[in-house]
Amino acid sequence: MSGMVRPTALFAQAQQRLEVVPGGTQALPIAIPNFVPGSPADGEVSVGVAQVITNNLKRSGLFAPIDQAAFIEKISNIDVAPQFQNWKTINAQALVTGRMTRQPDGRLQAEFRLWDVAAGQQLAGQKYVTSPESWRRIGHIISDQIYERLTGEKGYFDSRVVFVDESGPKERRVKRLALMDQDGANVRYLTKGADLVLTPRFSPSTQEITYMEFGQGDPRVYLFNIETGQREIVGNFPGMSFSPRFSPDGQRVIMSLQQGGNSNLFVMDLRSKSTTRLTDTPAIDTSPSYAPDGTRLCFESDRGGKPQIYVMPATGGPAQRISFGEGSYSTPVWSPRGDYIAFTKQGGGQFSIGIMKPDGSGERILTSGFHNEGPTFAPNGRVLMFFRDPGGNGGPSLFTVDISGRNEQRVPTPGFASDPAWSPLLS
Amino acid sequence: MKVDKTLVASVALHVLVIGWGLMSFSSKAFESTEIESVPVEFVTDDQLNKITAGIKSGKKENPKPLVEKVAEAKPVDDAVGKITEKKAIVTDAAPDPAPKPVEKPPEKKPDPPKPVAESKPKDEPKPIEKKPDPPKVDPIAEALKKEETKKPAPKPEAKAAPPPPVKKREYKFDRETIAALVDKRDPTRQAFAGDTLNSTPALGTAKGTAATLSASYLSALVSRIHDCWQADGGGFDEQDVKIPITLTFKQDGTLSAPPLLETEPRNDRERAIFEGARRAIIACQPYTMLPAAKYAEWKSLPFLFHNKVD
């Protein structure tokens, strides 16, 4: 990296500013000692929370947690300022101290402080009380606090992912809906695998998901309440209904309905159950996804000959094609930040995951391979999750990648996994 | 042959006068004239013309030329005396602003998820309790204050050990030894020379612009901060975010005050960029490339930090 001095005379004027740019990009070295247990019984959870935070920040790619073996100082009391020199010595730029204490009423109290080592300042301090079984979630919430305070961007750790769990031999795969924390922990199965399930999508309320299921007849779109386990069919349409997705306000579901050889986009109001047609073309329009402000939507259509991405007003109207690269584009999904649309691109014998701006500019391929598909954005729009099938006798797995194309990571799942959908932040 | 006496007398007188003049003038001592100080390093003609121009901010009346180093090295009488500039740090009687105690969110509800089988979420709210404000002095503030007062006083400088006796060796030509003696430094100006130190900038001569030559150490300063400051990779900054920061220095090149953000950050991202730059600036001090003789020039410097790596 060069050019930190702009090509201007530095002192042409007496008070001209000296211009500096960063020397590079580097994950921020951060020290996360085990939390201090309030009592000997809190030892396990104190270590566990620190590990959850360490794992989250490390996986983000923006932080480099320092090995605890390098620590000089042992934190025993978080109400006393740490000896900053001890943390400077090991090149820590930030330090997290915390304490986990079981309350007399049985609940768990978590406290943490985030320190700027160089400045010797406390940057954040919070206290939470929760039920003991939610200790991992406390770790995620604290991770988000640290992430937000040090990067200035929203976090994404306190979130969940719904996906299709796949098990059994390839020719007789059992596919079940499953739910887990974004880091792969706390897996729960939502269906038993009797019927084929596809394309689960989270509601903005996080309490409901919508998905497609192949039962005895045509595939249908369902709503499923995660908390109650209850499910209901979305509408009762002739023919197939598929590719459902919630509107940003959670009040409507947009989907494709097949009519003859074509499929078009329809939106259904979940309260009134009224349905509105949005497209009417002799083509296959599918995979709709709303912009976060709800005014526009993107979708996939082969009206131009092969599948491409189009953008149109949410109330219907003329659609504008935005993808013009080689190959075909499918499964578009609008970022929660509104700045990008992610897609699956097929061409040259490869499936790629990429992003482009809503006007079609700035296309960027993030990963390519034999089979990559189904991108879904993290709540902060910075990270994408997708599934990758290496072919052969194996099965698909979940991966995350930064929207810059860096920091690709496999997400641990109990078995094969596909079709992930990331929830909004839980808090 | 008749000799003209007047001619002889005239010749003799002329010889006498000319001889006296030659003798008397040649024996008179040469007068030395005072010369203006010049840079000791090689400089281009253009730079040479500019070199004594002085600094715009210099006093008009100041007749003494700017001198940054003594022309001929003199033995230092009392080396320890230089160290005395670093006075022991004395903390203010008032306590330093303490970090905030853990207290922030009033009754925030993290509301962790519950298994399906369990009761409804509203049955058992899990609020983030607000920690009551401690009425007493914050122990951390006290500790920080203690920490400040504990800062070590400047160490007495150890006397330099006398150099070991040099063994006289028979001269032997060694190419490598000669190469090592060659000054490989770039032939750039290092400092003005003179017989006495004078840190006050002079107005200089009419044609010079010596101040422009000081860009070299400022470039080195910018380069040093550039090397130390690593972007965090966060954010979605498509555009160039510019953070105006003023740095004030002590004469030894350390910061005399924390880096000052000149405008309120417009959002959390700008604040994070500033704090990242601040960490780098603090961690990288002292900035030894700053010449003490020009302290007035760099005592306070305005910067513009850009978040973009490229």
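Let's start with helix α7 of chain B, residues 268-284, in this predicted model. How far apart should the ends of its 17 residues be? At 1.5 Å a residue, the expected span is 24 Å, and the end C-alpha atoms are indeed 24 Å apart, so the two values agree. Now look at how α7(B) is packed: its buried residues include B:Ile273, B:Phe274 and B:Ile281. Charged-looking names turn up in that buried list too, among them B:Glu270, B:Glu275, B:Arg278 and B:Arg279.

Next, please turn to chain A and its open sheet. Four strands lie in the order β16-β17-β18-β19, with antiparallel pairing. Why is one side of β16 and of β19 left without a neighbour in the sheet? These strands, 241-246 and 275-277, stand at the edges, so each has a single partner strand. On average, neighbouring strands here are turned by 30° against each other, ignoring direction. As a general reminder, strands of a sheet pair through backbone hydrogen bonds. Let's zoom in on one pair: β18 of chain A, residues 262-269, is joined to β19(A) by 3 bridges. In one of the bridges, A:Phe266 is partnered with A:Arg277 of β19(A).

Finally, the core. Which residues touch the most other members of the largest nonpolar core? They are A:Ile30, A:Val49, A:Ile341 and A:Leu384, out of 132 residues. Helix α3 of chain A, residues 135-151, gives the most to this core, with 7 residues. Let's follow A:Val49 a little further: leaving aside neighbours within four places in sequence, its contacts include A:Phe35, A:Met100, A:Trp135 and A:Ile138. In soluble globular proteins, nonpolar side chains tend to be buried together. Thanks for listening!

Definitions and conventions. Residues numbered from 1 in each chain as written. Chains lettered and ligands numbered in written order. Predicted model: local features only at pLDDT ≥ 70, side-chain atom pairs only at ≥ 80, totals over all residues. Pairing = 2+ DSSP bridges. Helix = DSSP H or I, 4+ residues; strand = E, 2+ residues; numbered from the N terminus. Axes fitted to C-alpha atoms, helices over the stretch in contact; angles between N-to-C directions. Expected span 1.5 Å × (residues − 1). Buried ≥ 20, exposed ≤ 12 C-beta atoms within 10 Å, placed from the backbone. Core = buried A, V, L, I, M, F, W, Y, C linked by C-beta atoms within 7 Å. Contact = placed C-beta atoms within 7 Å.
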